[in-house]
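Subject: Model handover

Hello,

Here is the model we spoke about. Please open it alongside this message.

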Amino acid sequence: MEFQYNCPLCNGLISVREPCPECGCLMEDWGRIQDYQDPYHPYLDMNTTAPGEQRERKCVHLFKCPQCGYDTRLVVNQILAP
Ligand SMILES: [Zn+2]
Ligand SMILES: [Zn+2]
């Protein structure tokens, strides 16, 4: 039985209302930053990680200001799914 971790932000359980430090405009969640990166994870291709340990239990979201284009990353701790 494997535990399932989910990102509460991806699943809509929480919402983040982060004002832009540059202009104060509310920043938008652009989704998981993993989705923008190379899906092949070359540095994880060494077969050194045990099965079940490969899942990262943090979710990094990209937040971007629609007003001035400022962007930042927010690390969300994943929670154990019920
Ligand atoms: Zn997420
Ligand atoms: Zn801004």
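Below are my notes on the metal sites, a surface patch and one loop residue. Keep in mind that this is a predicted model.

Zinc ion, ligand 1

Four side chains hold the zinc ion (ligand 1): Cys 7, Cys 10 and Cys 59 through SG, and His 61 through NE2. Their distances to the ion run from 2.0 to 2.3 Å. The site is tetrahedral, with angles of 106 to 115 degrees among the four donor atoms. Along the chain, the donors follow the pattern C-x2-C-x48-C-x1-H. Take Cys 10 and Cys 59: the pair links distant parts of the chain, 49 residues apart. Cys 10 sits in the loop between strand S1 (5-6) and strand S2 (28-32). Cys 59 belongs to strand S3 (residues 58-64).

Is each of these two cysteines buried or exposed? Cys 59 has 0% relative accessibility, so it counts as buried. Cys 10 is partly exposed, at a relative accessible area of 40%.

Zinc ion, ligand 2

The zinc ion (ligand 2) has cysteine SG donors from Cys 20, Cys 23, Cys 65 and Cys 68. They lie 2.3 to 2.4 Å from the ion. This site is tetrahedral too, with donor angles of 102 to 122 degrees. The sequence spacing reads C-x2-C-x41-C-x2-C. Cys 20 is in the loop between S1 and S2, while Cys 68 is in the loop between S3 and strand S4 (71-77), so the pair ties together parts 48 residues apart in sequence. Cys 20 is buried, with a relative accessible area of 4%. Cys 68 is partly exposed, at 42%.

Surface patch

Which residues form the nonpolar patch on the surface? They are Leu 13, Ile 14 and Ile 79, with about 270 Å² of accessible area together. Leu 13 lies in the loop between S1 and S2. Its relative accessible area is 59%, and the cut-off for exposed is over 50%, so Leu 13 counts as exposed.

Gln 34

Gln 34 is in the loop between S2 and S3. This residue is partly exposed, with a relative accessible area of 23%. Setting aside neighbours within four places in sequence, Gln 34 is in contact with Lys 58, Cys 59 and Val 60. Of these, Cys 59 is one of the donors of the zinc ion (ligand 1). Another donor of that ion is His 61. The C-alpha atoms of Gln 34 and His 61 are separated by 8.1 Å, and the two residues are 27 apart along the chain.

Best wishes

Terms used:
Residues numbered from 1 in each chain as written. Chains lettered and ligands numbered in written order. Predicted model: local features only at pLDDT ≥ 70, side-chain atom pairs only at ≥ 80, totals over all residues. Heavy atoms only, no water. Donors = N, O, S within 2.8 Å, 3.2 Å for Na, K, Ca; no water. Tetrahedral: all angles 85-135°; square planar, octahedral: opposite > 155°, others 65-115°. Helix = DSSP H or I, 4+ residues; strand = E, 2+ residues; numbered from the N terminus. Buried < 20%, exposed > 50% of the residue type's maximum accessible area, 1.4 Å probe, protein only. Patch = residues over 30% accessible without salt bridge, like charges linked within 9 Å, V, L, I, M, F, W, Y side chains within 5 Å. Areas by Shrake-Rupley, 256 points an atom, 1.4 Å probe, with all protein chains shown as cover. Salt bridge = Lys/Arg side-chain N within 4 Å of Asp/Glu carboxyl O. Contact = heavy atoms within 4.5 Å.
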